[in-house]
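Colleague: I would like to learn how to read helix packing and domain contacts in a model. Could you walk me through a case?

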Amino acid sequence: METGLLGVWAGILAGDFLRYALVAAATFVLIVVWWGLRRHRKTQTGRATPTDIRREITYSLLTVVIFSLNGLLLHLGNEAGVFEVYLDVSRHGWPFLVFSGIVIVVVHDTYFYWLHRLLHQPLIFRLAHRVHHRSHAPTPWAAYAFHPIEAAFQAAFLPLFALLMPLHLGVVLFFVWHMMIRNAVGHSGYEVFPQGWTGRPIASWITAVTHHDLHHEKASGNFGLYFTWWDRLFDTERPDYETRFDHATNAPSPEDRPAQETP
Ligand SMILES: [Zn+2]
Ligand SMILES: [Zn+2]
């Protein structure tokens, strides 16, 4: 690899690493530690051990490397004119930029849902997805804890989507940061969405923390990432989703519990 290209890859690798480390650490401190101390929004019955967290970080770092190679592929494809990642907004205008930002999230959710259904086929599950499910009570560090095969398929979305339409660099950055934040919060084990969220007509389309958390606890149903509509359309939403969400958001705080129940 020539020096210039090595520098580009190092930059992408540093960006991917920092995004994972900063968002997972911030989510861990703000939601797990802070909410954990308050202890009234926990969605999980189990608890991650230090071994679980070490495994989540190790596999996530491997994913960071795979994602950075994918970023390099996007860079090379852009240089070769296969994809168009542009900097000048006026090239396609603001309405297109906003449109592409919305479409990439919606299409990614669709890609994720179907890839995830495929990953749950018994043979493929054992080979490529079991690693992610070793976290029965995940933490934000599990956000990228994929088997390298799964990581490669997760990464493939961005270059595949870039074949469909030009992407402003800002849209690419919005996409990866939004994905990382939703992933870290979704694995936090604490319900941060407001009470009644799952019963609201439009808000309920957005997955709450309990949604993916139940997927880890039961290893079936709730395959969606950002939205609930594919699970609802294909009847894969877990029947206990709303009940568990209500439980996580209604459980009394330690102040409300009788004194003898407080450890
Ligand atoms: Zn799964
Ligand atoms: Zn997960």
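Modeller: Gladly! Keep in mind that this is a predicted model. A good place to begin is the crossing of helix 2 and helix 5, which is right-handed.

Colleague: How do I describe such a pair, and what are the angle and the distance between the axes of helix 2 and helix 5?

Modeller: Two packed helices are described by the angle between their axes and by how far apart those axes lie. Here helix 2 (residues 50-79) packs on helix 5 (residues 148-164) at about 25°, and the axes are 9 Å apart. Angles under 35 degrees count as roughly parallel, so helix 2 and helix 5 are roughly parallel to each other.

Colleague: Which residues make the contact?

Modeller: From helix 2, look at Leu62, Thr63, Ile66, Phe67, Asn70, Leu73, Leu74 and Gly77. Helix 5 brings Pro148, Ala151, Ala152, Ala155, Leu158, Pro159 and Ala162. By type, this contact of helix 2 with helix 5 has 12 nonpolar residues, 3 polar and no charged ones.

Colleague: Now the domains, please. Where do domain 1 and domain 2 lie in the chain?

Modeller: The domain assignment gives 14-37 + 51-190 for domain 1 and 193-252 for domain 2. Their centres, taken over C-alpha atoms, are separated by 20 Å.

Colleague: How many residues of domain 1 and domain 2 are in contact?

Modeller: In domain 1, 18 residues are in contact with 12 residues of domain 2. On the domain 1 side, helix 3 (94-119) and helix 6 (169-186) are the elements giving two or more residues, and helix 3 gives the most, with 7 residues. That side of domain 1 divides into 6 nonpolar, 9 polar and 3 charged residues.

Note on methods:
Residues numbered from 1 in each chain as written. Chains lettered and ligands numbered in written order. Predicted model: local features only at pLDDT ≥ 70, side-chain atom pairs only at ≥ 80, totals over all residues. Axes fitted to C-alpha atoms, helices over the stretch in contact; angles between N-to-C directions. Helix = DSSP H or I, 4+ residues; strand = E, 2+ residues; numbered from the N terminus. Parallel < 35°, antiparallel > 145°, perpendicular 65-115°, else oblique. Left-handed = near helix turned anticlockwise from the far one by under 90°. Contact = placed C-beta atoms within 7 Å. Nonpolar A, V, L, I, M, F, W, Y, C, P; charged D, E, K, R; others polar. Domains from an automatic or database assignment.
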